[in-house]
Amino acid sequence: MFDSEIGRRRTFAIISHPDAGKTTLTEKLLLYGGAIHVAGAVKSNKIKKTATSDWMEIEKQRGISVATSVMGFEYRDYKINILDTPGHQDFAEDTFRTLTAVDSVIIVIDAAKGVETQTRRLMEVCRMRKTPVMVFVNKMDREGKDPFDLLDEIEQELKISVRPLSWPINIGAKFKGVYNIYRQTLDLYTPNKQTISESFKLTDPLNTEFDVLQQYVGEQDADKLRQDLELINGVYADFDVNDYLKGDLAPVFFGSALNTFGVKELLDCFVEIAPSPRPVESLERKVVPTEPAFTGFVFKIHANMDPNHRSCIAFVKICSGKFERNVYYHHVRLGKDMRFSAPTAFMAQKKETVDEAYAGDIVGLPDTGNFKIGDTLTAGEILHFKGLPSFSPEMFKYIENADPMKQKQLEKGIHQLMDEGVAQLFVNQATGRKIIGTVGQLQFEVIQYRLEHEYQAKCRWEPISLYKACWMETDDERELDNFKKRKAQYMAYDKEGRDVFLADSQYVLNMAQQDFQHIKFHFTSEF
Ligand code: G4P
């Protein structure tokens with residue numbers, strides 16, 4: 001019973017470049033799970049493009065994002081957990097962390113635009129973690145690129161082998177449907193935005209039923225499909241699910257999320273082949289999901305919108321065992337036992353109190369400042385989960401106090417916001433000045449706003465020109481000491497007290513690499 005509970009869980013994230021159709025696809029998956037009944041019900045974490053400079057608007061939208069952070073639903077015999085990721089690229093760090101809590105990923109690609117920047121960056125995280133990925137090529141109802149070209153582009157840009165498991169018959173205005181290679185059926189396209197419609201099925205359209213196929217799609221398209229499939233079988237090896245599970249091969253599906261087409265095929269294949277919760281590495285040992293004792297880690301902290309109550313929800317991914325309400329668990333970093341009387345689970349778009357949850361699930365724990373990103377909770381064992389690296393920020397600014405009377409509040413605010421993972425703090429080792437690193441400009445605005453409203457502190461930003469933060473690895477401590485002396489004014493501590501080299505240009509970094517060959521420079525804190 002316990003093992004099968006875990007075996008039927010599928011915890012994943014959908015990632016895409018903004019506007020490729022992530023929200024629409026999420027919504028259609030929820031429709032199939034019966035979690036919502038009409039399209040248009042999902043608001044998601046998406047922050048509309050128009051709001052980039054309007055922080056109040058973002059604050060409003062953030063309100064709905066707790067509920068949609070995790071969407072759980074039942075489909076066939078499976079329990080599905082979709083972890084939502086913010087659409088706005090300035091919150092990419094949040095997305096990186098969410099990817100540490102999933103067991104697989106679905107990538108949505110716009111058929112007209114192909115692989116776009118944000119998808120490429122997020123895929124790097126998946127590749128690093130060997131996360132199995134499946135690709136959904138969306139918007140086939142619009143004019144787009146040739147599907148073979150798209151497959152090549154995905155292979156090259158995302159640096160992963162692909163294997164189409166469905167194949168489109170035309171695209172855009174002439175789009176007639178897909179041949180489902182995985183099930184060997186023909187699914188004819190009927191545009192349908194609001195409800196779920198079963199597509200028309202043929203079981204052997206390429207051989208015994210070829211004449212029927214011709215009747216449905218016309219002679220020309222039937223011939224073209226047959227040729228395409230021959231080519232696919234010639235070029236791509238047969239689909240091997242183990243290659244997918246190892247993160248080496250991405251199955252590809254084609255469809256139109258808006259028209260609820262190709263979504264069920266994707267979902268049916270997904271639940272069958274996507275991994276159930278996978279083992280998780282800790283510093284001490286590998287933790288297997290079916291171990292009876294509960295373990296989990298905090299991958300996201302969501303602050304309350306109400307400035308008068310500094311309460312948060314800590315999102316915990318359960319790595320093993322069963323989590324129970326009101327049972328004492330060990331908070332490893334604080335070395336204390338805690339119990340939770342109102343843990344929440346996320347079903348559809350509702351947050352509700354749960355009595356128990358299993359490995360693979362996410363529980364939300366109401367918190368008033370006990371948790372930091374990366375904290376481990378266990379049934380007593382001392383464990384530290386790995387795999388929540390910091391990534392080098394893209395933008396850096398000095399943060400200065402703008403109200404001398406509020407120094408303490410500012411300190412507290414900065415530290416709590418960093419624990420929540422809003423941005424990264426580096427402290428210059430020579431001067432003690434604080435530098436905040438972010439992925440985008442918006443995060444600076446978020447920090448300034450929240451410091452004022454939640455901590456009554458005022459900050460001021462001062463420019464600093466930096467290229468990347470580098471974490472260092474070496475076997476040669478003397479060389480590292482030399483390096484640190486030579487670069488003293490560019491050395492900083494990160495929030496864990498680790499040495500970080502703040503390189504001010506690519507050139508400086510290249511020179512450092514040349515001069516100090518026994519030091520490896522990494523753009524992430526775990527390597
Ligand atoms: P995102 O979360 O990845 O940012 O994308 P989202 O689902 O919001 O989709 C972006 C736009 O693309 C939306 O249009 C959506 O309706 C459209 N779209 C999604 N899937 C398909 C599809 O299969 N075919 C076509 N033709 N369009 C699709 P919008 O006008 O920006 O938003 P809305 O006003 O429709 O909400």
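Me: What is the order of the strands in the open sheet of three strands?

Reply: In this predicted model, the open sheet has the strand order 7-8-9, and its pairing is antiparallel.

Me: What makes strand 7 and strand 9 the edge strands?

Reply: Strand 7 (166-169) and strand 9 (185-188) each pair on one side only, and they are the edge strands. From one strand to the next, the twist averages 20 degrees.

Me: How do you know that strand 7 and strand 8 pair?

Reply: Two strands pair if at least two bridges are found between them. Strand 7 and strand 8 (residues 177-180) run antiparallel and are joined by four bridges, so the criterion of at least two is met. Ser-166, for example, has Asn-180 in strand 8 as its bridge partner.

Me: Which helix packs on this sheet, and which strands does it touch?

Reply: Helix 8 (residues 219-235) packs on the sheet and touches strand 7 and strand 8. The direction of helix 8 makes about 150 degrees with that of strand 7.

Me: Why is strand 2 called largely enclosed?

Reply: A residue counts as buried when its relative accessible area is under 20%. Five of the six residues of strand 2 (residues 70-75) are buried, and therefore the rest of the structure largely encloses this strand.

Me: What do strand 2 and strand 3 form, and how many residues lie between them?

Reply: Strand 2 and strand 3 form a hairpin, with two residues between them. Strand 2 pairs with strand 3 (residues 78-83) in the antiparallel sense over six bridges, and Val-70 stands opposite Leu-83 in strand 3. In the turn, Arg-76 has a positive phi of about 50 degrees.

Technical notes:
Residues are numbered from 1 along each chain as its sequence is written. This is a predicted model: local features need pLDDT of at least 70, side-chain atom pairs count only at pLDDT 80 or more; totals for chains, interfaces and linings use all residues. Side-chain values use heavy atoms; hydrogens and water are left out. Buried means under 20% relative accessible area, exposed over 50%, partly exposed in between (1.4 Å probe, protein chains only). Axes are lines fitted to C-alpha atoms, for helices over the stretch in contact, and angles run from 0 to 180 degrees between N-to-C directions. Contact means heavy atoms within 4.5 Å.
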